[in-house]
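Work through the exercises below with the sequence and the model at hand. Each task is followed by its solution.

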Amino acid sequence: MILQMEPWFGEEEKKEILSYLDEGGWFTEFKRTEKFENLLAEFTSAKHCIVFNNGTISLTLAAISGDIGPGDEVIVPNYSMIATPNSVKMLGAIPVFVDVEPETLCLDISKVKEAMTSKTKAIIFVNANGRNPTYPIENLLNLCKEYKLFLIEDSAQSLGSRYPDGVHQGLKGDVGSFSFSAPKIISTGQGGCLITNNDEIAFKLRRLKDFGRSGGGNDIHDWIGYNFKFTELQACVGIAQMAKLSWRIERKKQIYSKYKKYLENTKGINLFSQDIVNTTPWFIDCIAEQRNKLQDFLKTKNIGTRIMYPPINQQKAYQVEGSFPTSELIGQRGLWLPSASQITDSQIEFICESINEFYENS
Ligand SMILES: Cc1ncc(COP(=O)(O)O)c(C=O)c1O
């Protein structure tokens, strides 16, 4: 079976974990975690990087660091992983859904203002599939500045993606969030991090994750904090994965180019376009006619696919009225094709031949 996505761990991860075990550490976050944070900070050129146990809690803590609380409204895209709105719902804040751009699946800035009220406190901008929006991100920064809104970049899908000026995604807003869950370009099983150039936010985040301690390991608590710490075992895996990141970024770009080449003239399927100079496609996403039939057909050939996120406003958990044409279209026809870094060229060819066969015969 060619899976739509799978993590990729090898001997290097095993070696890191075994060498840590030989040293006899305490497992809880310490030097290895610091090293993983430093590698991420160096890769993104962020002043601060703080890791957490996942990329949902990192968003929640980002919102707390921006003083978002009960009753505050937070603008979120209606197309995203459900974790984006849930992260602020957890604080009693109210996610307000805005549709996304049809070209990039990023927040449609032309619709943001009409969703804003006097209660709007923040925006979570999602770099969907590592994409940049069609508008300069500075337009969103200016809007946030004008209305004093806290800007969180949910860059969970974006490690390896930069804005056209070379700044890594996640570093334009107040704070940027990443995920290391199993399907991400690098994984620690579960895991997430926040990057920021703001010293005050970084200070708050470090306290929030460690019981509000005033210093490492003591029992003096000057702030309210919780426990969202990492483990050294995850950090060992993360360190080994970071050594593979540059290769995986290049491979993801090649994978995208190959799909594009083989499916360019296929009637029935449209790949979303992606700027592979600046950004790294996380998944191969497309709009597919007869999506469910195509999915079933590919399954008979042992090819796994995944239906893209449904519009969040229509999820039973939310049920919010409104018209969101782009996220609704994705909900009806959006499909992710096999996208793991370890997929081979001949597998991509086979997948595309199978897709072409389906549309030629239907
Ligand atoms: C855009 C987005 N935000 C947040 C998350 C949540 O990350 P995690 O699974 O690490 O909690 C994901 C995970 O897929 C995501 O894609």
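Two strands pair if DSSP finds at least two bridges between them. The model used here is predicted.

**Exercise 1.** Determine in which sense S5 and S6 pair, and find the residue opposite Glu153.

Solution. Strand S5 covers residues 150-154 and strand S6 residues 175-179. Three bridges join S5 and S6, in the parallel sense. Opposite Glu153 stands Gly176 of S6.

**Exercise 2.** Place these strands in their sheet and name its edge strands.

Solution. The sheet is open, has seven strands and shows mixed pairing. Its order reads S1-S7-S6-S5-S4-S2-S3. The edges are S1 (48-52) and S3 (94-98), each of which pairs on one side only. On average, and ignoring direction, neighbouring strands of this sheet are turned by 25 degrees against each other.

**Exercise 3.** Find what helices H2 and H3 touch on the sheet.

Solution. Start with H2 (residues 31-44): this helix lies across S1 and S7 (192-196) and runs at about 130 degrees to S1. Next, H3 (residues 57-65) packs on the sheet and touches S1, S4 (120-126), S5, S6 and S7. The direction of H3 makes about 35 degrees with that of S7.

**Exercise 4.** Classify the packing of H8 against H11.

Solution. The axes of H8 (residues 232-263) and H11 (residues 345-360) are 10 Å apart, at an angle of about 30 degrees. Angles under 35 degrees count as roughly parallel, so H8 is roughly parallel to H11. Their crossing is right-handed. Residues in contact include Ile255 and Tyr259 in H8, and Ile348 and Cys352 in H11. By class, the contact has seven nonpolar, no polar and three charged residues.

Terms used: Residues numbered from 1 in each chain as written. Predicted model: local features only at pLDDT ≥ 70, side-chain atom pairs only at ≥ 80, totals over all residues. Axes fitted to C-alpha atoms, helices over the stretch in contact; angles between N-to-C directions. Helix = DSSP H or I, 4+ residues; strand = E, 2+ residues; numbered from the N terminus. Parallel < 35°, antiparallel > 145°, perpendicular 65-115°, else oblique. Left-handed = near helix turned anticlockwise from the far one by under 90°. Contact = placed C-beta atoms within 7 Å. Nonpolar A, V, L, I, M, F, W, Y, C, P; charged D, E, K, R; others polar.
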